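User: Please examine the model shown below and answer some questions about its fold, its confidence and its side-chain pairing.

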Amino acid sequence: AVVSTQSTGSTSVHHTLHRLYISNSQHDSTAFHAWDTYALFGFTGWPNLSPTSQDQEFRNSLITILRDFANNRTEGWGVYPNTTLFLGNGEVEMRNPTPQETQCNGLKELELLQYGWQN
């Protein structure tokens, strides 16, 4: 969950922070945890998986984003928390407010951010 900078303190004196939010799923599924990992490694290790052209486009976009980041090519990718790079089904765009900001602020209001969350 991401909330505003004032509440998270997500800063670093030694690093520039960027946020990549991936909301991409396989075919008709609404969620597929680790789908980005399968894509990154060529969709191997999953029985009977036949990646679609949309899956391959997602993989290519992800690799391009990560390669550019590793080579310090982040032009246009705003600094966190002001912007988030969003990679979804067929779209790559900068977003502000951040994805799920409403839900995260709701968790904060309920004082649930003090607990560990794993998704």
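User: Which pattern of helices and strands does the chain follow along the sequence?

Analyst: This is a predicted model, in which local features need pLDDT of at least 70, side-chain atom pairs count only at pLDDT 80 or more, and totals for chains, interfaces and linings use all residues. Residues are numbered from 1 along each chain as its sequence is written, and side-chain values use heavy atoms, without hydrogens and water. Helices (H or I, at least four residues) and strands (E, at least two) are DSSP runs, numbered from the N terminus. The chain has four helices and three strands, and their order is α-β-α-α-β-β-α.

User: In which helix is confidence highest, and at what mean?

Analyst: pLDDT is the predictor's confidence in each residue, from 0 to 100, and the chain averages 77. Confidence is lowest in helix H1 (residues 5-8), with a mean of 44, whereas the highest value belongs to helix H3 (residues 53-70), at 90.

User: Which residue forms a salt bridge with Asp68?

Analyst: A salt bridge requires a side-chain nitrogen of Lys or Arg within 4 Å of a carboxyl oxygen of Asp or Glu, and by this rule the count comes to one. Asp68 is partly exposed (buried is under 20% relative accessible area, exposed over 50%, partly exposed in between; 1.4 Å probe, protein chains only), at 25%. The closest N and O atoms are 2.7 Å apart, and the partner of Asp68 is Arg73.

User: What percentage of the 119 residues counts as buried?

Analyst: The cut-off is a relative accessible area under 20%. Of the 119 residues of the chain, the buried share is 25%.
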